[in-house]
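Biologist: I am new to this structure and would like to learn how to read it. Could we go through it one feature at a time?

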Amino acid sequence: MAWKTLDEMDLAGKRVLVRVDINVPVEDGRVTDATRIERVAPTIRHILEKGGTPLLLAHFGRPKGQVVPGMSLEPLVPALEQAFGTQVVFVADCRGPAAEAAAGALRTGEVLLLENTRFHPGEESNDAALAAEMAALGDVYCNDAFSAAHRAHASTEALARLLPACAGRLMEAELKALEAALGDPRRPVTAVVGGAKVSTKLDLLSNLVDKVDVLVIGGGMANTFLAAQGLDVGKSLCEHDMAETAREIAEKAARTGCEILLPRDVVVAREFKAGAAHEVVKAEDCPADAMILDAGPDSVAHVEQVLDRSATLIWNGPLGAFEIAPFDAATNAAAAHAAELSAAGRLVSVAGGGDTVAALNKSGAAERFTYISTAGGAFLEWMEGKTLPGVAALG
């Protein structure tokens, strides 16, 4: 791999500018979910153990280049100290005299939290001058914010080219997981792609049919593919105007040898609410006054058979309306089966995307997947085959 890891860097006595994603929920001045902070803790602890001084660069919210007091990073200090087990000093800028003075005054074992990078308009425009001012604060650059790697910002792209650069522990784990899933995977490779709309995942589907052996399509997207085959999907969520596109993707899959799996049976209901009256019918037998809200048990069994003979799984999106029971059954069952195979060492499973993480957490299967990415946009763009500026800059 072209990028370096922390293990390849000399950190002793060095100031290390660490780009992190600590864009966490805050209510009444307190962090309500410290997951993202906890995930960067291994990187910070490693730097400290090797005699380096971490200087944290991060964005928070969307201040659009203005100083917005309500989007300051200062309220995060207690949560950072708890996660890192050391004192965290805050300074109200990420460049210039105040930041330089704070960096110079740090004692051994302390961490410096620099103010929101997006308070400067040059951050989102990838301004070279802002990057140079940030670079003046440190000796080494470490990017541990894979979730921001799809954006060419001053703190993720330009800065990485000005100092010796490496990936942090979280970034390293993300990149290795994605390499195992799509770069050089064990075959056969199966991808599960669900969600509401085909139109939002065109690039993803087009790239995956070139890379995987089986593509399982679920959720509202499956309805569009079924309708494209001439099936009546009743009142289901369906992009009828995407029928031709769905047929083109199916034709490309046939050319590349990728098998597309659509639901064989479906769970239908007349209303979308918890505990709604529902029935299982064959995919071609959806009543005109009903909507498809989940894949049926025969479809799940088919997916499980495919997983049994797969070596690698990429998962993005639920198979049905997972937010409401009983329409979460297919997602829960398939996820549990994938988790069981992963725990037994028979499957490398990598999942990511907002709804995906929520669905797998809800199913209780997330802990046994090989890797769960919380990166969202960056995860999707990687899966779409796009170059991520923040990763490319580390090479």
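Biologist: Which residues does His-120 touch, not counting residues up to four places away in sequence?

Modeller: This is a predicted model, so read what follows as features of a prediction. His-120 touches Gly-65, Asp-93, Cys-94, Arg-95 and Leu-130. The place of His-120 is in the loop between strand 6 (111–114) and helix 4 (121–124).

Biologist: Is His-120 buried or exposed?

Modeller: Buried, because its relative accessibility is 14% and the cut-off for buried is under 20%.

Biologist: Strand 6 was mentioned. In what order do the strands of its sheet lie?

Modeller: The order is 5-6-4-1-7-8, an open sheet of 6 strands with parallel pairing. At the edges are strand 5 (88–91) and strand 8 (165–167), each pairing on one side only. On average, neighbouring strands of this sheet are turned by 25° against each other, direction ignored. Strand 5 and strand 6 run parallel and are joined by 4 bridges. Opposite Val-91 stands Leu-114 in strand 6.

Biologist: Which strands does helix 1 touch where it packs on the sheet?

Modeller: Helix 1 touches strand 1 (15–19), strand 4 (53–57), strand 6 and strand 7 (140–143), and its direction makes about 150° with that of strand 4. Helix 2 lies across strand 4, strand 5 and strand 6, and runs at about 150° to strand 5.

Biologist: How should I read the packing of two helices?

Modeller: Two packed helices are described by the angle between their axes and the distance between the axes. Here the axes of helix 1 (residues 35–49) and helix 2 (residues 77–84) come within 9 Å and cross at roughly 55°. That angle makes helix 1 oblique to helix 2. The crossing of helix 1 past helix 2 is right-handed.

Biologist: Which residues make the contact between helix 1 and helix 2?

Modeller: From helix 1 they are Ile-37, Val-40, Ala-41, Ile-44 and Arg-45, and from helix 2 they are Ala-79, Leu-80, Ala-83 and Phe-84.

Biologist: Now the sheet that contains strand 9. What is its strand order?

Modeller: That open sheet has 6 strands in the order 11-10-9-15-16-17, with parallel pairing. Its edge strands are strand 11 (259–261) and strand 17 (371–373), and each pairs on one side only. The twist averages 15° from one strand to the next. Strand 9 (residues 189–193) runs parallel to strand 15 (residues 312–316), and 5 bridges join them. Val-192 has Trp-315 in strand 15 as its bridge partner.

Biologist: Thr-190 is in strand 9. Why does Thr-190 count as buried?

Modeller: Thr-190 counts as buried because its relative accessibility is 1%. Leaving aside neighbours within four places in sequence, Thr-190 is in contact with residues including Val-214, Val-216, Thr-312 and Ile-314. The C-alpha atoms of Thr-190 and Ser-373 are separated by 17 Å, and these residues are 183 apart along the chain.

Biologist: How many aromatic pairs are there?

Modeller: The count comes to 3 aromatic pairs. One of them is formed by Trp-315 and Phe-369, edge-to-face, with 6.1 Å centre to centre and 70° between the planes. This pair links distant parts of the chain, 54 residues apart: Trp-315 is in strand 15, and Phe-369 is in the loop between helix 13 (354–363) and strand 17.

Biologist: Are Trp-315 and Phe-369 buried or exposed?

Modeller: Both Trp-315 and Phe-369 are buried.

Key: Residues are numbered from 1 along each chain as its sequence is written. This is a predicted model: local features need pLDDT of at least 70, side-chain atom pairs count only at pLDDT 80 or more; totals for chains, interfaces and linings use all residues. Side-chain values use heavy atoms; hydrogens and water are left out. Two strands pair if DSSP finds at least two bridges between them. Helices (H or I, at least four residues) and strands (E, at least two) are DSSP runs, numbered from the N terminus. Axes are lines fitted to C-alpha atoms, for helices over the stretch in contact, and angles run from 0 to 180 degrees between N-to-C directions. Rings of Phe, Tyr and Trp (its six-membered ring) pair if their centres lie within 6.5 Å; planes under 30 degrees apart count as stacked, over 60 as edge-to-face and the rest as tilted. Buried means under 20% relative accessible area, exposed over 50%, partly exposed in between (1.4 Å probe, protein chains only). Contact means heavy atoms within 4.5 Å. Angles under 35 degrees count as roughly parallel, over 145 as roughly antiparallel, 65 to 115 as roughly perpendicular and the rest as oblique. A crossing is left-handed if the near helix is turned anticlockwise from the far one by less than a right angle, and right-handed if clockwise.
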